[in-house]
Amino acid sequence: MNTRLSARLASLREFPALLHLKQWWRQQSPHRQDRYAMLAPLLAVLLFLAAIVAAFGYLRLEEMEREQEAVRRDVEYAQQRMRLRLLERQEELVRLAQQISGQEIDTDQFRNRANALLTQYPELQGLSWLDERRRLRAAHGTPSLAHSLTNSPARAGARPEKPSETENAFALARELRQPIYVQRSATPDGSALLELHLPLYSRTRFSGVLLAEYSLDTLYRYGVPSEVSARYAVSLRDSRGEVLAGSSATKHNRAGQWLGWAASANEYEVPVSPVGNGLVLHAQAYRASLGVIGSGLFWLVGTLSAMTAWMLIANWRHTRRRMQAQQALVLETNFRRAMENSMPTGMRALDLQGRITYVNAAFCQMTGWSEGELVGCTAPFPYWPEEDRDMLMGRLEDELTGRVTPGGFQVRVKRKDSTLFDARIYVSPLIDARGLQTGWMTSMTDITEPNRVREQLYASYERFTTVLEALDASVSVAPLGTDELLFANKLYRLWFHEQSSGHVRLSTQAGMPARLSSEDSQDSVDGLMGMPTSALPDAEVENAEVYVEELDKWLEVRTRYLTWVDGRLAQMVIATDITPRRLAEAQSAAQAERAQTASRLITMGEMASSVAHELNQPLTAINNYCNGMVSRIKAQQISEEDLLGALEKTAKQAQRAGQIIQRIRSFVKRSEPNRTLSEITVMVNEAVELAEIELRRYNVRLSYFMADLPPVLVDPILIEQVLVNLLKNAAESIVHAQRPPQQRRVELHVLPASVEGKPVVEFTVTDTGRGIAPEVMARLYEAFHTTKAEGMGIGLSLCRSIVESHQGRMKAENLYNGPEVAGCRFTFWLPVDGPEAASAPLQLQAEKSQVRA
């Protein structure tokens, strides 16, 4: 046996697990090998016997579960029968109690009704009528209660001595106002009773109890169905488990206890409703089965199992060697078949004459032809397209003569449904175990999808290139740290040709370096390859405007870092020609300056009479001083001190007139925009002095308040123009409203504020006019829209343009005093840090000069 087992192990293929098993087997002694060879079938037989025993055990457990389920079902059915019986009696007694409470019957009628109930329902032993002091009003058929009354000296109608359970139930029924069941102690004859206390209420006053006594033996006899009592030992028990009525079964036989299968499996109990847990219906099945050991089927199956085990051992001894060899062969075959079927590449074998000798599953799946249809075929093969047969025949002749292409070749293959697909074929010689060539092995791969993807990518590349070439922006891509230009569209080549210097210049002027330092910059390896673009600072710069002298153009440049297709870190630069836009902006700025100057001239024209009146005062004073001095000098009535004082006053009035003229000249003169750090106080004072000339003519008072504010980066003349226009409009609104003198006032507040978390200076002009009409508010800042007969409608439009050019905002709102409009408030704010437009390049001013020229 040792020799045969070793031979079987040697016949298996040398797998790693089998090698370890073979090595362990060789380390064992021949005696141990024989013992292990004998223990294997014995172990199988033991497992078979264990399965038989487990099956019997399982069947026995199922039988026990069915018996337990039957006991539970029958006990619950009996409990329902008993519950319905008790509820029916309780309903009859409740109706009787309601008649007693309503004083519809007397004691004689009660006895008649009680006699009828006891006659109709045998489980009722007696009925008693007790008043609120537990005195017996009437009773019928109550042996235990009659006995207690006979032992008491009280006559009928006296209070009887009741057991403690009855007294407690009486008090509980009185307190809860609902029927109370209580189990009384056994009577002298040993029968168990069940009492029902029904409270009696005359309207809302407690008037006694209707006491009903049930015999548990009679209740068991009539309440438990006969078919249930025939199959089970049914009994009524109290909460302590003592039997009150019924019967109990004997213990199981020793065989069942030895198996541990039937001790308590066939018992079931359930409380009897509506009594509660004090009365339990208990049932125990009578043992009718003989158990597993006493069953003849068990011995029959055991005998057959032993015979089957002996036959298995004998059969195993004869078939062991053949099964091991067959398993090894099947395992090897399945392994090779699974490996071939899992390959997505089609395999085809040809003999030296060009006949197909083998195809795998992938080849059949690709072509749609089955293995039986292909094996044995010769050229032309059924999967050759008709139009390519000459070319494929030449390829086959080259293959059979050994002239094969190492890199393979691409052909078209026809499926069985006449559809075509592209395939790449590789050919290699097929060598057998003796080293002789027996044919050619061909592998075929479906490349239809790769070809389709390649064509789509090429078409997408063509479309993308066409779009980039047609863009009106220059697009260039160059790697960081080198002078190589990876991509440049048509416009870039038109501007900078094929040189990368244009890319570097645009990137540098936009503020993004085109070259980053790297420790490997001197090596041939790109030291920045693989670096993520998020690791670079300022990965994108938006709208950087640069001027290129050699092109004489303004370009808007955008740069960003990206990872090129080969993994190198590259920089893309997009440059758009914005020269027409810059010229248009310059022209617009020049026109805005002319409009602002014209607006100031118009304002001064409107204030001409006020200015003349303002200048007339110092000139009149000068004239008076001069005439007075001349008269007194002629009369020789003036001293040197008086003459000196008069001259000083004359000079002061002349200086005042000069200041007014200088202020007006500074306000209306045309000059280049000059945004400088200006003091708020100086600007406000200049504007207030100019505006007060007009306000005094209209008899309007001006009060203003300024906080301590930092300098702001603005054009002071333009801000003064805004303030003068707002103050002048406020005064005119008050005049048109015809307010009385005490209400003619304009307030100017200049305070610090915060807008969107940024510090600003807020200017507020408030008047007491009639406000702005809703239809006017909608077109308030529209150019050439005015409500004044002599106005041009450009004042507020220019004011808002000036404020927004300083990165500020302006708004207007009406003030209300109840439902009436009490005035209007104009508010605008300027940023403290200075607008972004303050850093405009000098070239823009040069362009404006050219536009003016």
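Here are legends for three close-up views of a predicted model.

Local features are kept at pLDDT of at least 70 and side-chain atom pairs at pLDDT 80 or more, while totals for chains, interfaces and linings use all residues. Residues are numbered from 1 along each chain as its sequence is written, and side-chain values use heavy atoms, with hydrogens and water left out.

**View A. The largest cavity and its lining.** The structure holds 3 cavities of 30 Å³ or more, and the largest has about 140 Å³ of space. Of its 14 lining residues, Arg348, Trp384, Leu392, Phe409 and Ile425 sit closest to the centre. (A cavity is where a 1.4 Å probe fits on a 1 Å grid but cannot get out; lining residues have an atom within 4 Å of a point.) Helix 13 (389-400), strand 12 (409-414) and strand 14 (437-446) each chip in at least two lining residues. Helices here are DSSP runs of H or I with at least four residues, strands are runs of E with at least two. By type, the lining comes to 9 nonpolar, 1 polar and 4 charged residues.

**View B. The hairpin of strand 6 and strand 7.** Strand 6 (residues 232-237) and strand 7 (residues 243-246) run antiparallel, joined by 3 bridges; pairing takes at least two DSSP bridges. Look for Arg237 opposite Val243 in strand 7. Between the strands come 5 residues, and Gly241 takes a positive phi near 90°.

**View C. A nonpolar patch on the surface.** Leu300, Leu304 and Met307 make up this one, with about 300 Å² of accessible area together (Shrake-Rupley, 1.4 Å probe). Patch members have over 30% relative accessible area and no salt bridge (Lys or Arg side-chain nitrogen within 4 Å of an Asp or Glu carboxyl oxygen), and nonpolar side chains are joined within 5 Å. Leu300 belongs to helix 10 (residues 296-341).

Terms used. Patch = residues over 30% accessible without salt bridge, like charges linked within 9 Å, V, L, I, M, F, W, Y side chains within 5 Å. 1 Å grid on protein atoms, 1.4 Å probe; cavity = no way out; pocket = protein on both sides within 12 Å on 5 of 7 lines; lining within 4 Å. Points joined across faces, edges and corners; volume = space filled by probe spheres on them. Nonpolar A, V, L, I, M, F, W, Y, C, P; charged D, E, K, R; others polar.
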